[in-house]
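Open the model in your viewer and keep the sequence panel beside it. This tour goes from one selection to the next.

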Amino acid sequence: MTALAEGTWVDVGAARDVPLMEGRSVRLAGGRVAIFRLPDGWAAVEHACPHKGGPLSDGIVGDRCVTCPLHNWRFDLDTGEQIGGGAQLRTFQVREREGRLELAT
Amino acid sequence: MSRDERLEVLVIGGGIAGQSVCEELAGTATIALACAEPHLPYDRVNLGKLLTGATLGELQLRPGSWYADHDIDVHVDAPIAALDPAAGVATTAAGLELSFDRAVLCTGSDALVPPIAGIDAMGVEVFRGPADCERIASAATGCTHAAVIGGGLLGLEAAYALATLGVAVSVVHLMDRLMERQLDAPAAELLAPAIAQLGVDVRLAHATEEVLHDAGGHVRALRFADGTQLDCDLVVVAVGIRPQVALAREAGLEVNRGIVVDDALTTSHPRVLAVGECAEHRGVVHGIVAPIHDQAAIAARVLRGDGDGVYTGSVPTAKLKVMGIDLVTAGDAEGGHAVVVRDEPSGAYRKLVVRDGRAAGAVLLGDIRGAELLLDAVRTAAPVDDALDLLSSASEATAAELPDAAQVCNCNGVCKGEIVDAIREQQLGSTQEVVAVTRAGAGCGSCRPVVSELLAIERGGAAEEATYLCPCRKQTREQLAACVREHDLESVSDLSAACGAGRDCGACKPGLAYLVSEVRGNRHREERHARFINDRVHANIQNDGSFSVVPRMRGGVTSADELRRIADVVDRYEIPMVKVTGGQRIDLLGVRKEQLPAIWEELGMPSGHAYAKAVRTVKTCVGTDFCRFGLGDSIRLGIDLETAMEGLYTPHKVKSAVSGCPRNCAEAYVKDIGLVAVEGGWEVYVGGAAGGTVRKGDLLAKVDTPDDAKRLALVFLQHYREHAEYHERSYGYVERVGIDAIRASVLDPENAAALLERYRIARAATDPDPWRERHDPVSPKQFAELDSEPEPLVGPPAGAAT
């Protein structure tokens, strides 16, 4: 990961609002982002499934992947790649600072 | 041979041909696969299923991990733009260069579009790929009449899919009989009425001369050579294929109708082979799946230098994949010496064509017993002494009598020997496993009974191993249940840790959640992350990410007061649609997640569980309350039964009904659990369905009183909860184990009492109204996103239940 200059991180909410192995979404300039709490950290990807726009933050998380609740498209949360297909999600850098969640813009 | 010295093979094209070449070559060459479409190879043979609700993922031939496991470098969305055989380099449209020692062209074909005037009108679609299916499916909504041009295999399957979607559809065919390439005249004459019975209008000997369009350029009718017209607003063209040869031609390879190949499937450049619908061998271009597998196997031998790589052609075989019509053909339908068995009333037709003392063709319609044996005889041109005897003895043949080389799965080209070897070498124990490993039965599925039969023979008649709850765990429901009991596990996380699979694919988490709750009689630790979104927010997610709200209305009975509150909620929250459901409930659609708690509060009615794999509705007719035919108080019993069952989770949804007489206005015969009042008592039906599958339930028993009927229904419910696989509807379960086995369990007094006791324990610990979570959400943003808040609760209206 490339080091980012201070000031490119945006506060998007409280870390406690995202339960373990679940996701919640937030609006960021350019569209919604889904943020997931994984056992060892955080992951963030674009919120709308490229298939039919399903809300990925509502998906089931397992093996560092999320499954879209509408038609079961599955994506790697680290790389944004679709499992077993060619679709690609945008990924975002996310971190927790003093109980707050921050996204890199 | 070390990996570095391995032959580098580039497979161009990710259709069935490209996949088949990869399967044959896997492990013996360094393979790169370039797919033009943005998906991994999928089963194009079953394209029609995409129209009727299947997802592309379900048709995918192999999971992504298979390619990684077999060292195949896959490039999707990577059409090859240029091929230089001499240099051994191919370039993708995006400019990526792929080098190779040998290349295999598997570019397939495009749909053939006949030169009919006006064929480029809007609303005219071909039927070739997933994008076509998406356009056809969306055009089918709101379409008044569809026409399919082409009465061959593909055209009939397209018409069937459209009819299944509820679209009025006509098949327009140039020739005077359907499937003239595969069928003789008598078989085609029997097929036409069978197709018509599916609601498809068949028009033979109709040459389409012009596609007429309206002022907006959208198709409005077809005009035929005889001057007649057919009004239609959707046209699907399925008349044949055109081999995709552009890349080969530009690369300087010899091209005729297809890419010309010799008996080694090699093109005019020795470095390049061609396989499948793009290839022309001895003047023949094959447009069906079976020869593709033959060619792929030979091509792999040629590439490996195995010696006997000579392709002399294939016997074409075809199978019509239309529900309710069994049709299998191989080789020639006519000529030579033919024997025919024909059963007039049933429409069954069996024909074997013999030429020069050898099997040359077969047509089996309506009765396809022994198809594998007869197809094998035709494929191998087996000597036939007594044709009539072969035809009749084939219908008695079991899988044991098939030769090892007989092809069992025509979709994926798998023969009996491969299946038996896989069962022995990998010690496979269930049909599910055999299908996953060999791919036999993974296509249209019609050969699965033979796969199961072969497994049963190999296992010496021993029962199949139960299917895995999730293949990623390789553990059965029983094994996992034993693990929960033995270690007293309380949650999905505990189970994941204890069962030691080390993986957690996500797909099986809801199944594990049900299992833990069922085994522990609902005294488990609930984990929201293991549940589908519907069970996290107690509402049914819709295609736009909004939710639907269905309040509990036991027996389908409501009141002025409830209806008034519903109306007020609709007004206040500007709910875009209010819909009466098939289960006699009221559905509020288009609700945002943030609105859910406030709406529940204001409705003042409990959850109807319409979002869960749980007991759903009990539908009733008015019975003795008002009906002049009523024999029993169906409303009372329906409300009692619903009250007794509500809140219980089940392997799949459970829909029930109670009818007050055998006129069956509540449709109890086609419910998971159906009670019907008859003279002198009540009948209890189980395993009925009237959705994608239509099945009349089996009569479990006739009992004397409404209380007896309710008790038996509850005993069956608990039996189903404990024994069915997760995601298995009652109709699948009843068919799988048989009604006799279920009767033996639920009618045995001791066992029934034990089941009822376990039902009571589980029922006592259910949450009768999950919507009460509005007062105390599990997490602060349970019903909201990071940047939104749930709408505030307005106090419950006077008189509302809580």
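A residue counts as buried if 20 or more other C-beta atoms lie within 10 Å of its own. Keep that cut-off in mind for the first stop. Note too that this is a predicted model.

**Stop 1: a covered helix.** Select residues 371-379 of chain B, helix α10. Nine of its nine residues are buried, so the helix is largely enclosed by the rest of the structure. Charged residues are among them: B:Glu372, B:Asp376 and B:Arg379 are buried. So are B:Leu373, B:Leu374 and B:Leu375. Now step just past the end of α10(B). There B:Ala381 has a positive phi of about 50°.

**Stop 2: two helices that cross.** Select residues 477-487 and 492-499 of chain B, helices α15 and α16. At what angle do they pack? The angle is about 105°, and the axes lie 10 Å apart. That makes α15(B) roughly perpendicular to α16(B). Show the side chains at the contact. From α15(B) come B:Leu480, B:Cys483, B:Val484 and B:His487. They meet B:Leu495, B:Ala498 and B:Cys499 of α16(B). By class, this contact holds six nonpolar residues, one polar residue and no charged ones.

**Stop 3: a strand with neighbours on two sides.** Select residues 654-659 of chain B, strand β35. Six of its six residues are buried. Are its faces covered or open? Both are covered. B:Val654, B:Ser656 and B:Val658 lie on one side, with B:Lys655, B:Ala657 and B:Ser659 on the other. In a regular strand the side chains alternate between the two faces of the sheet.

Add residues 615-620 of chain B, strand β34. Four bridges join β34(B) to β35(B), and the two run parallel. To find the register, pick B:Val618: its bridge partner in β35(B) is B:Ser656. Then show residues 634-645 of chain B, helix α21. Together, β34(B), α21(B) and β35(B) make a left-handed β-α-β unit.

Next, add residues 673-678 of chain B, strand β36. This strand also runs parallel to β35(B), joined by four bridges. Here B:Ala657 stands opposite B:Gly674.

**Stop 4: a loop in chain A.** Move to A:Ala29, in the loop between β2 (23-28) and β3 (31-38) of chain A. Is A:Ala29 buried or exposed? With 6 C-beta neighbours inside 10 Å, A:Ala29 counts as exposed. Finish by drawing a distance from its C-alpha atom to that of A:Thr105. The two residues are 76 apart along the chain, and their C-alpha atoms are separated by 8.5 Å.

Methods. Residues are numbered from 1 along each chain as its sequence is written. Chains are lettered from A and ligands numbered from 1 in the order in which they are written. This is a predicted model: local features need pLDDT of at least 70, side-chain atom pairs count only at pLDDT 80 or more; totals for chains, interfaces and linings use all residues. Axes are lines fitted to C-alpha atoms, for helices over the stretch in contact, and angles run from 0 to 180 degrees between N-to-C directions. Angles under 35 degrees count as roughly parallel, over 145 as roughly antiparallel, 65 to 115 as roughly perpendicular and the rest as oblique. Two residues are in contact if their C-beta atoms, placed from the backbone, lie within 7 Å. Ala, Val, Leu, Ile, Met, Phe, Trp, Tyr, Cys and Pro count as nonpolar, Asp, Glu, Lys and Arg as charged, and the others, Gly among them, as polar. A residue is buried if 20 or more other C-beta atoms lie within 10 Å of its own, exposed if 12 or fewer, and partly exposed in between; C-beta atoms are placed from the backbone. Two strands pair if DSSP finds at least two bridges between them. A crossover is right-handed if, with the strands pointing away from the viewer, the path from the first strand over the helix to the second runs clockwise.
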